[in-house]
Amino acid sequence: MAFRFRKSARLGPLRFHFSTNGLSSISVGGRGASFNIPVNRSGGNRSTVGLPGTGLSWSVEHEASAARGLPNSRRLKPGQLELLKQQCLQILHQELFAPGNDAHRLWSEGLISRLLADPRMGGRNAGLLALIETPEAMAAYIQRARSQDDVKRRSQRCIEAAELAARWLNR
């Protein structure tokens, strides 16, 4: 059995539920009937009705809002995350590392590998550059993303790495 942590705090009619990852949900109501809104957990809003003291209850998960299917929603349908990863990779290749762009030289001439071998390169900078050392390394880094926000963060780090490489080459 895995270890679990759960804590809740009440503030007026609201109850805030915390887990090891922070705030997980907010609920309204009390014994007998409650409405739960997820914050940092999967699933939709949930209504629960029960008979206090008996352990008997009935719970219904409501459909997520209409924004669920939109690309900017936090919850992506199956396959949408993979599509988003591919689109981000395509944009990074076209806008940043396309033949003819300055950043393309980083890959075509192996300049990032040379920068990584430079003893003056700090650990954080070297780690950032390693993300884009080759097209395959960048693709693998983006593919490991687990959410839409993670894809965005990883894409931004790839852009930061290319900017860092350009600054080091222009020294």
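Begin by selecting β2 and β3, which form a hairpin with 2 residues between them; strands here are DSSP runs of E of at least two residues, helices are runs of H or I of at least four, and both are numbered from the N terminus. The model is predicted, so local features need pLDDT of at least 70 and side-chain atom pairs count only at pLDDT 80 or more, while totals for chains, interfaces and linings use all residues. Residues are numbered from 1 along each chain as its sequence is written, and side-chain values use heavy atoms, with hydrogens and water left out.

**The sheet**

With β2 still selected, add all of β3 (residues 22-30): the two strands pair in the antiparallel sense over 6 bridges, where pairing requires that DSSP finds at least two bridges between two strands. Beside the turn, Ser19 has Gly22 as its bridge partner in β3.

Next, select β1 (residues 7-11), which runs antiparallel to β2 (residues 14-19) and is joined to it by 5 bridges. These strands also form a hairpin with 2 residues between them, and Gly12 in the turn has a positive phi of about 65 degrees. Leu11 has Leu14 as its bridge partner in β2, and Ala9 stands opposite Phe16 of that strand.

Now show the whole open sheet, whose 6 strands follow the order β1-β2-β3-β4-β5-β6 with antiparallel pairing. At the edges stand β1 and β6 (56-61), each with a single partner strand, so one side of each is left without a neighbour in the sheet. From one strand to the next the twist averages 25 degrees, taken between lines fitted to C-alpha atoms, with angles running from 0 to 180 degrees between N-to-C directions.

**Helix α6 and the core**

Move to α6 (148-169). Its 22 residues should span 32 Å at 1.5 Å a residue, and its end C-alpha atoms are 32 Å apart, which agrees; the expected span is 1.5 Å times one less than the number of residues. Among its buried residues are Gln148, Asp150, Arg154, Cys158 and Trp168, buried meaning under 20% relative accessible area with a 1.4 Å probe and protein chains only, exposed over 50%, and partly exposed in between. What covers the buried residues of α6 includes α1, α2, α3, α4 and α5.

Then select Phe97, Leu106, Leu129, Ile132, Met138 and Cys158, which touch the most other members of the largest nonpolar core, a group of 24 residues. Such a core is a set of buried Ala, Val, Leu, Ile, Met, Phe, Trp, Tyr and Cys residues joined through side-chain atoms within 4.5 Å. The largest share of this core, 6 residues, comes from α6.

Centre the view on Leu106: leaving aside residues up to four places away in sequence, Leu106 touches Phe97, Leu111, Ile112, Ala162, Ala165 and Leu169, contact meaning heavy atoms within 4.5 Å. Apart from the largest core lies another, of 5 residues, among them Leu81, Leu84, Cys88 and Ala145.

**The cysteines**

Finally, select Cys88 and Cys158. The structure holds 0 disulfides, a disulfide being a pair of cysteine sulfur atoms within 2.5 Å. The sulfur of Cys158 is 9.6 Å from the closest cysteine sulfur, in Cys88, too far for a bond. Cys88 is buried, with a relative accessible area of 17%, and Cys158 also counts as buried, at 0% relative accessibility.
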